[in-house]
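Thanks for sharing this one. Here are my notes, in numbered points, to read with the viewer open.

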Number of protein chains: 2
Amino acid sequence: MKVDCKIWLDHDGKAFGRGPYELLRRVEETGSLHQAAIQMGMSYSKAWKLIQMIERRLGFPFVDKEVGGASGGGSRVTPEGKAFMKRYGRFEREAMRVIEKAYQKHFGRRSSQRGG
Amino acid sequence: MKVDCKIWLDHDGKAFGRGPYELLRRVEETGSLHQAAIQMGMSYSKAWKLIQMIERRLGFPFVDKEVGGASGGGSRVTPEGKAFMKRYGRFEREAMRVIEKAYQKHFGRRSSQRGG
């Protein structure tokens, strides 16, 4: 037996979680929301709507679209977006760690009569 | 902004969480899986399948059906089921508390530039 969970931030509805975090991480890596969406198995329009939803609920821009230029345009995560991702990543890692610790305390081998 | 989460125990798939806990709590209160299902806005067959799924995945009985008798039958949570519920309840309360604490640490007023 093990513990599993889904965590998200709520601000007038689901505002940020693992999905947006992974999408934005891929935008950072690839410099392209198109490529990031493909890697996530998501349509471009769905990815773009997700970004718009995050921006609306959290109140600041996460993605800058660069139009034209030598590279033919692309997308990058804003400095504010990067700072938020970093904070969220630290929060999520800590949350997973403390949930696992609570699980071990209540259901771990030494305390468990069943499962394990 | 606030944090939200869903926690569950997994044992070859989702094995136990808030839904089963609430259903079983109502079986204890009402002495009837029928009544518990009604209170949860769930069909009796869905509630019964849920109990069977928990029992299969965790490997012990949660509900005893009392057939006939002066009360016309009913259901009650087994002693093992009650012990598991108690343990799960303690685990879940602690998990929610430590997640909130981690959230406050990373996104609380003093550490937050945005939201709050």
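**Notes on the strands, the symmetry and the helix packing**

1. Let's start inside chain A, at a pair you can find quickly: L9(A) stands opposite F16(A), a residue of β2(A). Please keep in mind throughout that this is a predicted model. The two strands involved, β1(A) and β2(A), run antiparallel and are joined by three bridges. They form a hairpin with three residues between the strands, and within that hairpin D12(A) takes a positive phi near 60°.

2. L9(A) also has a partner across the chain boundary: it stands opposite V3(B), in β1(B). That leads to the pairing between the chains, where β1 of chain A (residues 2–10) and β1 of chain B (residues 2–10) run antiparallel over nine bridges. Which residue of β1(B) is the bridge partner of K6(A)? It is K6(B), so to speak its own namesake in the other chain.

3. Chain B has its own hairpin, made by β1(B) and β2(B) with three residues between them. In its turn, D12(B) has a positive phi of about 55°. Three bridges join these antiparallel strands, and one pair to look up is W8(B) with its bridge partner G17(B) in β2(B).

4. Now put the strands together. What is the order of the four strands in the open sheet? Reading across, the order is β2(A)-β1(A)-β1(B)-β2(B), and the pairing is antiparallel. The edges are formed by β2 of chain A (14–17) and β2 of chain B (14–17), each of which pairs on one side only. From one strand to the next, the twist averages 40°. As a general reminder, strands of a sheet pair through backbone hydrogen bonds, in either a parallel or an antiparallel way.

5. On the symmetry: two copies of a chain are related by a rotation about an axis and a shift along it. Here, chain A superposes on chain B by a rotation of 180° with 0.0 Å of shift along the axis, at an RMSD of 0.0 Å. That is the relation of a two-fold axis. If you want to find the axis in the viewer, go to K6(A), which comes closest to it of the residues of chain A, with its C-alpha at 2.6 Å. This is the residue whose bridge partner is K6(B).

6. The interface deserves a line of its own. Of the interface residues of chain A, 100% are also interface residues in chain B, so the copies meet through the same surface.

7. Turning to the helices, look at α1 (residues 18–30) and α3 (residues 44–58) of chain B. They pack at an angle of about 110°, with their axes 11 Å apart. α1(B) and α3(B) are therefore roughly perpendicular to each other, and their crossing is left-handed. The contact involves P20(B), L23(B) and L24(B) from α1(B), and A47(B), L50(B), I51(B) and I54(B) from α3(B). By class, this contact of α1(B) with α3(B) has seven nonpolar residues, no polar ones and no charged ones.

8. α1(B) also meets α4 of chain B (residues 79–107): the axes come within 11 Å and cross at roughly 130°. That makes α1(B) oblique to α4(B), and the crossing is left-handed. On the α1(B) side the residues are R18(B), Y21(B), L24(B), R25(B) and E28(B), and they meet K82(B), M85(B), Y88(B), G89(B) and E92(B) of α4(B). How does this contact divide by class? Between α1(B) and α4(B) there are four nonpolar, one polar and five charged residues. Notice that L24(B) takes part here and is also in the contact with α3(B).

9. Finally, the corresponding helices in chain A. The axes of α1 (residues 18–30) and α4 (residues 79–107) of chain A come within 11 Å and cross at roughly 130°; α1(A) and α4(A) are therefore oblique to each other. Their crossing is left-handed. R18(A), Y21(A), L24(A), R25(A) and E28(A) of α1(A) meet K82(A), M85(A), Y88(A), G89(A) and E92(A) of α4(A). The contact of α1(A) with α4(A) has four nonpolar, one polar and five charged residues.

Conventions:
Residues are numbered from 1 along each chain as its sequence is written. Chains are lettered from A and ligands numbered from 1 in the order in which they are written. This is a predicted model: local features need pLDDT of at least 70, side-chain atom pairs count only at pLDDT 80 or more; totals for chains, interfaces and linings use all residues. Side-chain values use heavy atoms; hydrogens and water are left out. Two strands pair if DSSP finds at least two bridges between them. Axes are lines fitted to C-alpha atoms, for helices over the stretch in contact, and angles run from 0 to 180 degrees between N-to-C directions. Copies are superposed by least squares on the C-alpha atoms of residues with pLDDT of at least 70 in both. Contact means heavy atoms within 4.5 Å. Angles under 35 degrees count as roughly parallel, over 145 as roughly antiparallel, 65 to 115 as roughly perpendicular and the rest as oblique. A crossing is left-handed if the near helix is turned anticlockwise from the far one by less than a right angle, and right-handed if clockwise. Ala, Val, Leu, Ile, Met, Phe, Trp, Tyr, Cys and Pro count as nonpolar, Asp, Glu, Lys and Arg as charged, and the others, Gly among them, as polar.
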